[in-house]
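Trainee: Before we look, may I ask how each label is earned?
Mentor: Yes. Take the terms one at a time.

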Amino acid sequence: MPVRNAYLSEIQALAEKARDKRALYGPDLDLSRYTQHIKRGKIESLESLSHQVKEAAILSGMNMQEENRSGSFLQIDQSVVYESLNKAYEGQLEIMSTPAALDKYDWIEEYYWKAIPADQDKYTAQAALNMTHGYFIRVFAHQKPQYPVQSCLLVAENYVSQNVHNMIIVEEGAELQVITGCTLSKSDAEGIHLGISEFYVKKGGKLMFTMIHNWADNFHVRPRTKVVVEEDGTFISNYVLLKPVKSIQAFPVAHLKGDRASAKFNTVVYGLKDSYIDLGSRIILEGEDTRGESIARTIAADESVIYSRGDLIAATRGYCLAHLDCRGILFSEKAKIFAIPELASHGSLKSELSHEASIGPISEEQVEYLMSRGISQEDAVSVITSGFLNLDIPYIPEFLDKNIKEIIKATAKEAL
Amino acid sequence: MEDMLRTEDLWVSVGDRQVLKGVNFSMKYGEINVLFGPNGAGKTSFMMTLMGFPRYRVEQGKIFFKGIDITAHDIYERARLGLGVSFQRPPTVRGVTLKKMIEIINTNGADSAGVDAKIEKLNLGGHLERGLNDGFSGGEMKRSELLQLMIQRPDLVLIDEPESGVDIENIALVGEAINALIGKDKVKDQKRGALIITHTGYILDFVNADKGYIVFDGNLLCRGNPRDILSEIKKHGYRRCAECR
């Protein structure tokens, strides 16, 4: 049974009021520029995609042969062109587009626009008023598919506003890994990606979510993410941005509602060209004995500007422990990094929150140390920078590692 | 036989400070030489200059290694020519694991069993996944330095205070590793050499040194048998160096 129309109308009405509401952070964008709407048909297999699209999808972590994947979801511009579930995992999880899920399950009302308010800002409003799909992934109670689900949200045309609403529900005692890539197939594309992500990790569940963003010089990105974690649940987020972007602003939130819930954010950002990057993570520790960790590694090259935010908010009557580790390296005199850690405790007498934040150059002493073992200066800088960015993200293909090395080679010379 | 290492009238400064004042030094292939001297005399500066660290600015003089003038060579070029160094206090490099470093240094692709044996011998199996020197104790740092050098296999190794921060039990292990590094534990391969800085002289119980020097106020004095020099220092300290300068 579909979600009630009355509820959907309520959401629309709420969003309507926020149509022009500026976001708290990031440059304000004129959304009326992005009106292009392209309808695309389904494809039979990922292999049948054009070379250009395939290459972009691969670079954002997609495995075209679907090896070691429990399922796949591919959206190009505003259309879902491919969705599949590996037969071996039928009965363990389901994958479909969010509108399809809204059509199928009335109980989604409990989740849809419940973690994130539709009237948060003009971007949530736009996504609520003009949703253009997004994925719905649900892993059933106590199921633990061995391999990750892969998804790719790709923009292929100019002046597109891709307004996706993604939902993940990890039911009680279940585990899920998701690799999602958001990317462009044209490097000069101008447009915007608005990604609403509402994830729910139920009691004892575990979600490991890896997101690779590959954007380009003229593209704006405004994701809005909130994850609600129930008791004994775990959420791990890995985020990688290694390509230029006109502007991106996101501040994902993990709300640890249940006791003993935990969350970890790993963020790797490499600022290139004149990218404006405002990224952070917020962990709200509401349950007792909750744990949080947020690690960010940022490198600002060229004329990029990076805001690296981190918030830890203790709101529990019991114990909680959380740490924020936010480090940056500047590779260029014209680049900027702002590291903004914030800790807050709302009457949580037993909470332990801590942070370390630093911005500094690559240490000459470290480079010379490696050189004394016969490593050239360029290679030494590359090894140290790769090490700085290496957060040991599983299932990230080797080319990503190679990609990091190539960018470092191209930009690290300025660092010394 | 030509010298393995020779310096000619070497004048070096760090910032505004003159740290070496016309050092003439030479050592033959296969020798182990030892440098003694009070704090701040210029021992480490001499070693760092030999290795080519840019902070140590050569104002005058030359350095020859295996007959090649390396005075203007970069650090890594000297390392590739066969110079190696074990630091007294190596920097911490978080993010670059000891395992990764070994892989990078092992350019000759030494067999993995051989590498594993060295790791085991130096008792560093539990440190491979840790960042270089990240939270390592004094002894662990020394062992990690020597492990990296055993894989790098330099012809001449410069070792800065192998005993510092190492407990008595581990000094023997460090001594053994130095001998293995320069091939003194084998009949063949006797062309490798070492230049060792020592404060306490404990390492001389484990390493058979050929010559000793006292470094004093930026120069080399008192060449001789290292054990004799050490016992002289133990009796009279370094006061006499100032007198006989």
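Mentor: Start with residue classes: Asp, Glu, Lys and Arg count as charged; Ala, Val, Leu, Ile, Met, Phe, Trp, Tyr, Cys and Pro count as nonpolar; the others, Gly among them, are polar. Keep in mind that this is a predicted model.

Trainee: How do the residues lining the second largest pocket divide by class?
Mentor: Into 11 nonpolar, nine polar and 11 charged. The lining holds 31 residues, and those nearest the centre are B:T44, B:S45, B:M48, B:R55 and B:Y56. Run these five through the rule: Met and Tyr are nonpolar, Arg is charged, and Thr and Ser fall to the polar rest.

Trainee: Which elements give two or more residues to that lining?
Mentor: α5 (364-371) of chain A, with β2 (17-28) and α1 (43-51) of chain B. The pocket's volume is about 710 Å³.

Trainee: What makes a space a cavity and not a pocket?
Mentor: Escape. In a cavity a 1.4 Å probe fits but cannot get out, whereas a pocket is open. With a floor of 30 Å³, the count is three cavities. The largest holds about 340 Å³.

Trainee: What lines the largest cavity?
Mentor: It has 30 lining residues, with A:Y239, A:P252, A:F265, A:T267 and A:G280 nearest its centre. Strands of chain A that each supply at least two of them include β9 (206-214), β14 (262-271) and β18 (320-330). By class, the lining has 16 nonpolar, 11 polar and three charged residues.

Trainee: How large is the second largest cavity, and does it pass or miss the 30 Å³ cut-off?
Mentor: Its volume is about 40 Å³. The cut-off is 30 Å³ or more, and about 40 Å³ passes. Its lining includes A:L153, A:N166, A:C182 and A:H193. β8 (191-201) and β9 of chain A give two or more residues each. β8(A) has the largest share, three residues.

Trainee: How many charged residues are in that lining?
Mentor: None: four are nonpolar and five polar. A:H193 lines this cavity. His is not on the charged list, so it counts as polar here.

Trainee: Why is the pair B:E145 and A:R373 called a salt bridge?
Mentor: The rule asks for a Lys or Arg side-chain nitrogen within 4 Å of an Asp or Glu carboxyl oxygen. Here the N to O distance is 2.9 Å. Arg meets Glu inside the limit, so the name holds. Side chains of opposite charge can pair when their charged atoms come close. The count between chain B and chain A is one salt bridge.

Trainee: What else joins the two chains?
Mentor: 26 residues of chain B contact 17 of chain A. Eight residue pairs are in polar contact. On chain B's side, 17 residues are nonpolar, five polar and four charged.

Trainee: How much area do the chains bury between them?
Mentor: About 1800 Å², 63% of it on carbon and sulfur atoms. B:Y76, B:P91 and B:R94 supply 24% of the area chain B buries, more than any other three residues.

Trainee: What makes A:D28 and A:K122 a tie between parts apart in sequence?
Mentor: Their side chains meet in a salt bridge at 2.9 Å, N to O. A:D28 sits in the loop between α1 (5-17) and α2 (51-59) of chain A, and A:K122 in helix α4 (residues 122-129), so the pair ties together parts 94 residues apart in sequence. Over all chains, the structure holds 35 salt bridges.

How values were computed: Residues numbered from 1 in each chain as written. Chains lettered and ligands numbered in written order. Predicted model: local features only at pLDDT ≥ 70, side-chain atom pairs only at ≥ 80, totals over all residues. Heavy atoms only, no water. 1 Å grid on protein atoms, 1.4 Å probe; cavity = no way out; pocket = protein on both sides within 12 Å on 5 of 7 lines; lining within 4 Å. Points joined across faces, edges and corners; volume = space filled by probe spheres on them. Helix = DSSP H or I, 4+ residues; strand = E, 2+ residues; numbered from the N terminus. Contact = heavy atoms within 4.5 Å. Buried area = accessible area lost by both parts, 1.4 Å probe. Polar contact = N/O pair within 3.5 Å; in protein donor to acceptor, adjacent residues only side chain to side chain.
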